[in-house]
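Student: I'm new to this one and would like a close look at a single part of it. Could you pick a spot and walk me through it slowly?

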Amino acid sequence: MSVFQENVKGDFEIFEKYFISSVEKELGSTRLAGKQCFEKDDFILHMYVLEKYFWRNNTYSSLTLTLSQEEDDIKVTAIASGSGVGLLGFDWGADERAMHAVKQAINQWNSKLGKRK
């Protein structure tokens, strides 16, 4: 299991569309297993669960993405899990690839805003 968290700036709806499509494109052949949205007053929370099947070890990996906004910050949390196989949980790099896709999408967003990380 891998966890990543970072704050970004921008319009929530525009960032959400950009971010989800960028991550899905980078990972390829993912399936949206679920989406949940919660909005109250000035607080927004959207959660996505993406799944990918791997033939090489007959397993699914999942990437859970939460996007929340309160005031001017959009908080991105990514949790990659379920890709391990065997007693040692060897995952063939699936968690690392998922985290790379998330970080790449955030870095591209920040560079569009002129805020390099």
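Tutor: Let's go with Phe19, which has a relative accessible area of 0% in this predicted model. Anything under 20% counts as buried, so Phe19 is buried. Its partner Phe15 also comes out at 0%, and is buried as well.

Now look at how these two sit together. Phe15 and Phe19 are 4 residues apart in helix 1 (residues 12-27), so about one helical turn separates them. A search of the whole structure turns up 4 aromatic pairs. Phe15 and Phe19 make a stacked one, with 5.2 Å from centre to centre and 20° between the planes.

Next, bring in Tyr18, which is buried at 14% relative accessibility. Tyr18 forms an aromatic pair with Trp109, and this pair is tilted: the centres are 5.5 Å apart and the planes make an angle of 40°. The pair ties together distant parts of the chain, since Tyr18 belongs to helix 1 and Trp109 to helix 2, 91 residues apart. Trp109 is buried too, with a relative accessible area of 8%. Put the four together and you have one aromatic cluster, made of Phe15, Tyr18, Phe19 and Trp109.

From Trp109 you can follow helix 2, which covers residues 94-112, back to Asp95. Asp95 counts as buried, because its relative accessibility is 6%. Its C-alpha atom is 7.9 Å from that of Ser61, although their positions lie 34 residues apart along the chain.

That takes us to strand 4 (residues 59-70), where 9 of the 12 residues are buried, so the rest of the structure largely encloses it. On one pairing, strand 4 runs antiparallel to strand 3 (residues 43-54), and 12 bridges join them. For example, Ile44 has Gln69 in strand 4 as its bridge partner. Strand 4 also runs antiparallel to strand 5 (residues 73-81), this time with 9 bridges. There, Leu63 stands opposite Ala80 of strand 5. The hairpin of strand 4 and strand 5 has 2 residues between the strands, and Glu71 takes a positive phi near 65° in it.

To place all this in the whole, the chain has 2 helices and 5 strands, in the order β-α-β-β-β-β-α along the sequence. It has 117 residues, and 38% of them count as buried. Among contacts with a separation of 6 or more, 54% are between residues 24 or more positions apart.

Methods:
Residues numbered from 1 in each chain as written. Predicted model: local features only at pLDDT ≥ 70, side-chain atom pairs only at ≥ 80, totals over all residues. Heavy atoms only, no water. Buried < 20%, exposed > 50% of the residue type's maximum accessible area, 1.4 Å probe, protein only. Contact = heavy atoms within 4.5 Å. Pairing = 2+ DSSP bridges. Phe/Tyr/Trp six-rings, centres within 6.5 Å; stacked < 30°, edge-to-face > 60°.
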